[in-house]
Amino acid sequence: MSHILTAQNVNKKYGKFQALKDVNINISKGKIVGLIGPNGAGKTTLLKSVLGLDSCEGELKVLGIDPFKRRADLMKEICFIADVAVLPKWIKVEQLLHFTEQSHPNFSISQAKHFLTKTKIKMDHKVKELSKGMTAQLHLAIVMSIDAKLLVLDEPTLGLDILFRKQFYDNLLNDYFDNERTIIITTHQVEEIEHILTDVVFIREGEIVLDANMDELTNSYFEVMVNQENYEQAMAHKPLTMRKVFGKYIMLFNSTSRDVIETLGEVQRPSVSDLFVALMQEEDQA
Amino acid sequence: MNTFKALLQREYWEHRGAFLKTPLIMGSLMSIFLILFYLTVEQFDLRVGGGQYIELGSATMDDLDSSGIQSAIDIFMLFTGSIYHFVLFIILFFFMLGSLYDDRKDGSILFWKSLPVSDTQTVLSKFVTALVVVPVIFALGLMVSHLVFFLVTSLILLINGINPFTLLWSNINFINNWGAFLVGCLAQAAWALPIYGWLLFSSAYSKRRPFLMAVFLPLIVGFGWYFYNAIVNLEVLKVGVFKTIGIVMAKATTPFTSGMGFDLESVDFDPTKQTSGELIRSMLNGLTNPSIYYGLIFAAVTIALAIYVRRFRNTT
């Protein structure tokens, strides 16, 4: 079975608040999945369960392992970055690498040192002496030196400037990712990761509202620039959203075929963020 | 790869200041006070007695009875040892209070949990650090401090024309006095087990202030017990819980008295009353007391709870 992660009817309650509602999802090997949702939608709750940091109801298996029961075993095969600022402040870079080497069977210290030679980080630096961006580089260097089957990134670039963010994803894609690995990313800056994703999952109020690969999205959602003269005709096809730019209407359609849509105006692939906004609004109206 | 050793090393790296520097600084203070004391006496002697008192004193030193010198040295070594025990307990107290809380507070717990280290290993590494690693460092620190102190004393003796080997070194009973300190560390660990367990649990469980929970919850239980007996059973003098806490604290802070029984009068340590050999026997005898087992059970339960809570508590 090539499924890295399977979830069946996963539920999580905090008191009366239902953080996850019947989540069903399968993620297979070699994918880069964007987990996208508004604040408080349950992204972090889902990831916590996946990483064995919290319990949940239902059937959840990561690499065939129950994450909460056997977190230590699972962590030999997966790794995660929860937030850039979480490396312990008091530790020296050298000590951090040494500790990771001693505790992780799949960590290559020479690889990590090689990554660090490309940065300004020195082995005798303490983490608290590093800037936010350098801390992220250090964390990424450690994570990329772990031969893991699944990498989970929860808002990995939060608080970083745009140069670091771009470099972060470039490094990830060029030096780390191959078809044997799988990555799950959550972020609010969807535009920045859109081009590297193979799949997207939208989550809203604890429910999965969309689980599709990027090709499917491109084939079923279209963004069309409609002129004033085609307005009435376009409206008849019930666009999901519409906005007016420079006297033209940009409409988003969900359609099984491109043929009819093309007659209305210039067709583009919608951005994930536009689609996200559209689907979230659709749910509101429903 | 050696996860547990790395975990212990990690604790040492994080707390090197408290674990290593404290005993060495205390040792330096010992020698510095000795030098200051000598200089004061010398100045005083030069101004008041023209230097003849120290000369007279040095001359009479040779006639001193060696058993008197021996017991003076024993008292010094046991007394300083007792202070080291006390400071060791204070350091361990705050170390354990923070050990499962600080990483939740600064968020680094999520990094530690991203490594294949189980929560059981993590909690046990803190426990073993408190039980074994830090006492061993303190014992070595005390030995170094004693040796430096005796070297400084030898220099002072030499300056005044006294042979330090016959007067000082031949009268030092290293084995018994250092042995008493080491057995003291063992007794301290044994009696403090329930406190250590409670501190680890408070540290793992507490959301805001582990100190308040660790200190005030037992006190509230103590008051509850006291007033229950006072009001319901009219036993105004029954202080059960407070007495237990008090005795365990006394034995944990001054383990030299740990063999002396269970009334609060016998918790003051007086190094002049017992030789180090008697002290060792008394402490080992105290360890056969059955109440040690109650402490052991309490520690096992609280540590198991600390591990349980640690599994899902990732923030503060």
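# Close-up views of a predicted two-chain model

**Figure 1. The two domains of chain A have C-alpha centres 34 Å apart.** The model shown here and in the other views is predicted. The domain assignment places residues 3–205 of chain A in domain 1 and residues 216–285 in domain 2. The two domains touch. Each side of this contact is built by eight residues: eight from domain 1 of chain A and eight from domain 2 of chain A. On the domain 1 side, two elements of chain A supply at least two residues each: α7 (190–193) and β8 (199–204). β8(A) gives the most, with three residues. By class, this side of domain 1 has five nonpolar residues, three charged residues and no polar ones.

**Figure 2. Chain A is built from eleven helices and 13 strands.** This view takes in the whole chain. Its C-alpha trace spans about 70 × 40 × 35 Å along the principal axes. Chain A has 286 residues, and 43% of them count as buried. Now look at the contacts in chain A with a separation of 6 or more. Of these, 69% link residues 24 or more positions apart.

**Figure 3. Chain A meets chain B through 24 residues of chain A and 21 residues of chain B.** Which elements of chain A give two or more residues to the side that touches chain B? They are β5 (78–81) and α3 (93–103) of chain A. Helix α3(A) gives the most, with five residues. The side of chain A that touches chain B holds 14 nonpolar residues. Six polar and four charged residues complete that side.

**Figure 4. Helix α3 of chain A is mostly covered.** Eight of the eleven residues of α3(A) are buried. Start at one end of the helix with A:Val93, which is buried. A:Gln95, A:Leu96 and A:Leu97 are buried too. So are A:Phe99 and A:Thr100. A:Gln102 and A:Ser103 complete the buried set. What covers these residues? Part of the cover comes from chain A itself, including α4 (109–117) and α5 (132–144). Chain B also takes part, with α1 (3–14) among the covering elements.

**Figure 5. In chain B, helix α2 packs against helix α7 at an angle of about 20 degrees.** Two packed helices are described by the angle between their axes and the distance between the axes. Here α2 spans residues 16–49 of chain B, α7 spans residues 119–159, and the axes lie 8 Å apart. The angle therefore makes α2(B) roughly parallel to α7(B). The crossing of the two helices is right-handed. On α2(B), the contact residues include B:Phe19, B:Leu20, B:Met30 and B:Tyr38. Among their counterparts in α7(B) are B:Val134, B:Phe138, B:Phe149 and B:Ile156. The contact of α2(B) with α7(B) counts 18 nonpolar and five polar residues, and no charged ones.

**Figure 6. Helices α2 and α4 of chain B cross at roughly 150 degrees.** Helix α4 covers residues 66–99 of chain B, and its axis comes within 11 Å of the axis of α2(B). Are the two helices roughly parallel or roughly antiparallel? The crossing angle makes α2(B) roughly antiparallel to α4(B). The crossing is right-handed. From α2(B) come B:Ala18, B:Thr22, B:Pro23, B:Met26 and B:Met30. From α4(B) come B:Thr80, B:Tyr84, B:Val87, B:Ile91 and B:Phe95. Eight residues of this contact of α2(B) with α4(B) are nonpolar, two are polar and no residue is charged. B:Pro23, B:Met26 and B:Met30 of α2(B) also meet α7(B).

**Figure 7. Helices α9 and α11 of chain B cross at roughly 140 degrees.** Helix α9 runs over residues 174–205 of chain B, and helix α11 over residues 240–253. Their axes come within 8 Å. The crossing angle makes α9(B) oblique to α11(B). The crossing is left-handed. On the α9(B) side sit B:Gln188, B:Trp191, B:Ala192, B:Pro194 and B:Ile195. They meet B:Val248, B:Lys251 and B:Ala252 of α11(B). By class, the contact of α9(B) with α11(B) has six nonpolar residues, one polar and one charged.

Key. Residues are numbered from 1 along each chain as its sequence is written. Chains are lettered from A and ligands numbered from 1 in the order in which they are written. This is a predicted model: local features need pLDDT of at least 70, side-chain atom pairs count only at pLDDT 80 or more; totals for chains, interfaces and linings use all residues. Domain bounds come from an automatic or database domain assignment. Two residues are in contact if their C-beta atoms, placed from the backbone, lie within 7 Å. Helices (H or I, at least four residues) and strands (E, at least two) are DSSP runs, numbered from the N terminus. Ala, Val, Leu, Ile, Met, Phe, Trp, Tyr, Cys and Pro count as nonpolar, Asp, Glu, Lys and Arg as charged, and the others, Gly among them, as polar. A residue is buried if 20 or more other C-beta atoms lie within 10 Å of its own, exposed if 12 or fewer, and partly exposed in between; C-beta atoms are placed from the backbone. Axes are lines fitted to C-alpha atoms, for helices over the stretch in contact, and angles run from 0 to 180 degrees between N-to-C directions. Angles under 35 degrees count as roughly parallel, over 145 as roughly antiparallel, 65 to 115 as roughly perpendicular and the rest as oblique. A crossing is left-handed if the near helix is turned anticlockwise from the far one by less than a right angle, and right-handed if clockwise.
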